[in-house]
Amino acid sequence: MSVRPEVLAANRRYVCEFGDKGSLALPPGRRFAILTCMDARLDPAKYAGLSEGDAHVIRNAGGRASDDAIRSLVISHKLLGTLEYFVVHHSDCGMLLFTDDIISGLLEKSLDTATIDAQGWHDVGQGPGSSAGRYLRWLTIADPRKAVLEDVQRIREHPLVARDIPIYGYIYDVKTGRLVEVEEAAQAGRVLLQ
Ligand SMILES: [Zn+2]
């Protein structure tokens, strides 16, 4: 069963309540961007108090500062005027549960959804798989605080990121909904004075 009918029904309700949001400007009104994980438990609009038109939200697995995430952050500032960046990872992230070698090995066996138990990951698909995963960097996480720090540092040091944008690093606690600052990242993300 597909979720498509539910999604389309929800959209029809949204359209009914859309109000005057059609007149929102393209640039984000509150002039900031959030890079965060795609985890379904995280809702940046709720945890950061966003309405339509307020901010850019860039999401990927882990909320990592991949080349593509940085592409979006650079566009966000250069063309759309955002002035502050938040990097928000979270507790219990799925990116802690595997390594490049593990996901590449599973994909080599099959492309079907794998299972995990106390012994680790198991591939239960029929195959064929593909070795193409060996050529990707999956940006998995071994140490959550270190990953936030690394990502803030990578954005800070990127030659296309403006030096006067503050970059904040947080870990969202999935048990409480609280954003907890990573102090080392706050330090690393400070604006660079000329
Ligand atoms: Zn995650």
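How far apart do the C-alpha centres of domain 1 and domain 2 lie? In this predicted model, they lie 29 Å apart. The protein is divided so that domain 1 takes in residues 27-95 together with 139-194, while domain 2 covers residues 99-137. The points below deal with the sheet, the helices that pack on it, the strand β6 and the nonpolar core.

**The sheet**
- Five strands form an open sheet of mixed pairing, and their order across the sheet is β2-β1-β3-β6-β7.
- The edge strands, each of which pairs on one side only, are β2 (56-60) and β7, and the twist from one strand to the next averages 25 degrees.
- β1 and β2 run parallel and are joined by five bridges, with Ile34 having Val57 in β2 as its bridge partner.

**Helices on the sheet**
- α3 lies across β1, β2 and β3, and the direction of this helix makes about 175 degrees with that of β2.
- α5 also packs on the sheet, where it touches β3 and β6 and runs at about 160 degrees to β6.

**Strand β6 and its neighbours**
- Six of the six residues of β6 are buried, so this strand is largely enclosed by the rest of the structure.
- In a regular strand, side chains alternate between the two faces of the sheet.
- On one side of β6 are Ile167, Gly169 and Ile171, and on the other are Tyr168, Tyr170 and Tyr172; all of these are buried, and both faces of the strand are thus covered.
- β6 pairs with β3 in the parallel sense over six bridges, and within this pairing Tyr85 stands opposite Ile167.
- With β7 (residues 179-181), β6 pairs in the antiparallel sense over three bridges, and here Ile171 stands opposite Val180.
- The hairpin of β6 and β7 has six residues between the strands, and in this hairpin Gly177 takes a positive phi near 85 degrees.

**The nonpolar core**
- In soluble globular proteins, nonpolar side chains tend to be buried together.
- The largest nonpolar core here has 32 residues, of which Leu35, Tyr85 and Val87 touch the most other members.
- At least two residues of this core come from each of β1 (32-37), α3 (67-78), β3 (84-90), α5 (144-157), β6 (167-172) and α6 (183-188).
- Leaving aside residues up to four places away in sequence, Leu35 touches Ile58, Gly63, Ala65, Ala69 and Leu73, as well as Tyr85 and Val87.

Technical notes. Residues are numbered from 1 along each chain as its sequence is written. This is a predicted model: local features need pLDDT of at least 70, side-chain atom pairs count only at pLDDT 80 or more; totals for chains, interfaces and linings use all residues. A nonpolar core is a set of buried Ala, Val, Leu, Ile, Met, Phe, Trp, Tyr and Cys residues joined through C-beta atoms within 7 Å. A residue is buried if 20 or more other C-beta atoms lie within 10 Å of its own, exposed if 12 or fewer, and partly exposed in between; C-beta atoms are placed from the backbone. Helices (H or I, at least four residues) and strands (E, at least two) are DSSP runs, numbered from the N terminus. Two residues are in contact if their C-beta atoms, placed from the backbone, lie within 7 Å. Two strands pair if DSSP finds at least two bridges between them. Domain bounds come from an automatic or database domain assignment. Axes are lines fitted to C-alpha atoms, for helices over the stretch in contact, and angles run from 0 to 180 degrees between N-to-C directions.
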